[in-house]
Amino acid sequence: MEVHVQPRTRSKMFCGCAIGELGDAPNSHVCEVCLGLPGVLPVPNKAAVEACLKTALALGCEIPRHTKFDRKNYMYPDLPKGYQISQYDLPMSVNGELEVGGRKVRIRRVHLEEDTGKLIHAGDKLHKAWESYVDLNRAGVPLMEIVSEPDLHSADEAREYAVELRTLLRTIGASEAEMEKGQMRAEPNISIRREGSKELGVKTELKNINSFRALHRAILFEVERQKQLLESGDPVVQETRGWSEAEQRTFSQRSKEFAEDYRYFPEPDIPPLELDRPWIEDLRSALPELPGPRRGRLVAEHGLPPSDMAVIGADRELADLFEGAVAAGAPAKQVANWIVGEVAPSGKLPSAQNLAELVKLVTDRSITREQGREVLVESVETGRTPAEIVAEHGHRQVSDEGELEVIAAAVIDANPKAAADYRSGKKQAINVLIRDMTNRMPQANRQVAGEVLAKLLD
Amino acid sequence: MTDDLTQLTIKDASRLLRLGSISAADLVTAHVQRIERLDEHVKAFLRFTPELWERQANEADRRIRQGDAPPLAGIPIAVKDVLCVRGVETTAGSQILKGFKPPYTATAVARLFAAGAVMLGVTNCDEFAMGSSTENSSYFPTRNPWDLERVPGGSSGGSAAAVAAGEAMISLGTDTGGSIRQPAALCGVVGMKPTYGRVSRYGLIAFASSLDQIGPFARNVDDAAITLSLMSGLDPLDATSSDRAGMEVLNNFGAGVKGMRLGVPREYYDVKGIEPGVKAAIDAALFILRQAGAEIVDVSLPHTDYGLAAYYIIAPAECSSNLARFDGVRYGMSEVDAPNITEQYLETRRKGFGAEVRRRVMLGTYALSSGYYDAYYLKAQKVRTLIKRDFDEAFKKCDAIVSATSPTVAFPIGSKTQDPLSMYLCDVLTLGGNLAGLPGISVPCGTSDGLPVGLQVLGPQWGENVVLRVARAYEEASEMKAQVAEVV
Amino acid sequence: MLARIGLEAGDEEFYADQLSGILEHIDRLQQLDTEDIPPTAQVVEIASRLRDDEPRPSLTQEEALANAPAAVNGLFRVPSIQEET
């Protein structure tokens, strides 16, 4: 699978134009360089190079001593220079791997290149358009291309791989990697073969996939399509196919792929880059703990179940929050529950201190879980600590058994019938007693009250 | 009086300007008048820039009066049609860029403007700098001021002719295979190509990216040297530009050749096709250099014979890629009524590019294509390494290399256009310098049959100061000053 | 591919003739043994230079389109791109 990722940079790959947003006026973030005017020259963006190297290091790739850019030559209206500056035979990194769901997916290479512009077709459908329009705002935006070996064997695996890659990229800060924002594009190359056969079948390449869900569906569709072709004795044609979200199917795009000879040659305007070891080691040592190892460590240290790990381990910020709250003294399992059950779905992060405080308040029954949810929301919104909020609202529950025993005794005396019912086996009768207790003392923690009553009744 | 003003050196002109004897406006006017008189015959210029020269001359005069005149204040220059100047129609001698006005100025030119230079206009050249005679210009051929029926050389023929005819004091050209040095030789002026990377290529309409360099034409070595030093230096917009200080090109400039070893490569000395008159002029020049104290040594550049072949793979290959951007979409000529994009590309480029350009694009595309890349482009780059090593070896035995710049003097217009290979052979003594990235100059060293002959001096990489030193010493010892041609 | 540089029918022979002359000349490179010779990657030793990730002002949309042969609503216009089938 080829994944194109836009690294986090403020300017383009080879010129100083700022990177725009969706919805910007067309051709408003362009200069003579990214417009491909005569006489211009490319100068590579240092931040893009470092993001690519960091990604490569995080994927365990080998980094050569030198790397270079190459020209990929073809003419198309969204390609201003008539060639794309990319990397061909001496890319920034090769031979890495990513562990996904217990399996290792080999990474063939990670390299850097520039993006093309955007084409808008009159009538919206390429094959019917009588003219098209070119917006070059995106031309020259940096792209990292991450290519895996054909080690993915199902739509599930492919999606997991893409998700894991995204987590990794976000963890190391190389990219925001939001597929919906176009910062990450997945292009699976799909082939099928008879079970037991060693040779790979003819592959098709899928484009225009804009979400993990689409990735999954597109692969499922394409595998089925190829299966049907082969079963009816027809060959699979090697080609590029587009995924149509609207029609939920793949369709053939230009099969120019192998008609085109890209005539790669080394980019003469950019001297080869020396990737000296001190620089590489600096980048490597500045990498944060990677998701895979971190997950492993968290499970080992705290015994978290896989379902929790799936959420917490997928996001660096959630993992940071978890560890921070535990370090602040809150019990691990409960912190995990709160993160998985409340924080992650809401998308809003409390500070680790506040979360720890909250969890402790609930676990030592100062407040109920229900109250805890409200406090969390308010804490995130206002930034105030849970303690402050609880004090303000008077949420604090009485859980002290000694205190509650006094009232429990009084309640039992005042409700002889309920007490007798309970003793004779009708356990639900305790609710009457609990209700009375909370009438007399609204802050009584219901659960503890119940326990105290039961103790006294027995 | 006005004609005298077109025969000055930078030093003399600057002195007169500083003294107030003349104004920058006077200097420009004198040149414009000379252009009006002569250029219909010479046809060095494609278009003129009166708005620019007025503004720049006024600015120069203002600063001269203030007493803080920059080094080239008021100096009239002409700029080859491949160098972008903001708001000025720049077409690379081609129809495909007719009407194109760049929104920016080439760094090298901008630096000369900042130094006070005054732009007279845009000079003619072979289309996309491909040629050795300026006959490939899609507009018209420029004529040699010494004989209007002959070529001025190319591709920077317009720039060379403008200086030779006294129409400009300084002009800018570009050199990819000899396109500054060869026309300088044919027109009897000084022309210099710097080390690759010395001068920023930002704003130079690219022909062959690993060979192109910008350089000055002048009527004496001093003027060329000053101009070059002002254009040189790191440009953050050009990743291939060096951070070496521009001023170093002037180191030891006047030290003379006494004690220097000057290498004469036998393969250049005896090159096939060298005219006897050219050879004789070179011999005379070597004699003078010996008299001035230089030691002439024999050197060898064994792979000289393969240089043309390597050049005519690398240059077309790179140009085929550089010219892919001319597609009629964002600028330039365009077949807007074409029924589809493929037709638009086809028609635009067929009509917009001349024959030589199309020939080289085809050749270059072929040399890069799958299946041929190893045998052609890769092979040529390896041969290039061999050629560079030849020079490295030679420079162990000498400080600079001297030879003829061109095997022939200016040839009649039309005499080589039917046979591209014969035209390519014009560069056989200059293209080695491009392949090896070396600095080189051509200085006038006499005539043959009344037509100028040029002496080439090549130095090691970053050795502009050595090249200029030898050239200057020769100029002084020979008293061979570039003359301004009378034309009519 | 050759179409993109526009070979006129009939031109082919002319070009083939002219090119064959230069191609013959170029073939002499095959006489040289370059087995162990590295290709020139950069003829002059210049350290690779990277650019700091600082945005610079872009052209205005008007400037960007100033030389456009055909522009519509701030976009460059091109004729039909669809492939012929």
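In this predicted model, strand E2 (residues 76–80) of chain B, helix H4 (residues 107–114) of chain B and strand E3 of chain B together make a right-handed β-α-β unit. The two strands of that unit, E2(B) and E3(B), run parallel and are joined by 5 bridges, and one of the pairings can be followed at Ile77(B), whose bridge partner in E3(B) is Met119(B). Strand E3(B) is also joined to strand E1 (residues 45–48) of chain B, here by 3 bridges and in an antiparallel sense, with Arg47(B) having Val122(B) as its bridge partner. Of the 6 residues of E3(B), which spans residues 118–123, 6 are buried, so this strand is largely enclosed by the rest of the structure.

A second sheet to follow involves chains A and C: 4 strands form an open sheet in the order E7(A)-E8(A)-E2(C)-E1(C), with antiparallel pairing. Strand E7 (118–121) of chain A and strand E1 (71–72) of chain C stand at its edges with a single partner strand each, so one side of each has no neighbour in the sheet. Between chains A and C, strand E8 (residues 131–135) of chain A is joined by 4 bridges to strand E2 (residues 75–79) of chain C, and Glu131(A) has Pro79(C) as its bridge partner.

Chains B and C also touch, in a contact that takes 55 residues from chain B and 38 residues from chain C. On the side of chain B, helices H10, H11, H12, H13 and H14 each supply at least two residues, and H13(B) gives the most, with 10 residues. The residues on this side of chain B divide into 29 nonpolar, 15 polar and 11 charged.

Notes: Residues numbered from 1 in each chain as written. Chains lettered and ligands numbered in written order. Predicted model: local features only at pLDDT ≥ 70, side-chain atom pairs only at ≥ 80, totals over all residues. Contact = placed C-beta atoms within 7 Å. Nonpolar A, V, L, I, M, F, W, Y, C, P; charged D, E, K, R; others polar. Pairing = 2+ DSSP bridges. Buried ≥ 20, exposed ≤ 12 C-beta atoms within 10 Å, placed from the backbone. Right-handed = clockwise from strand over helix to strand, strands pointing away.
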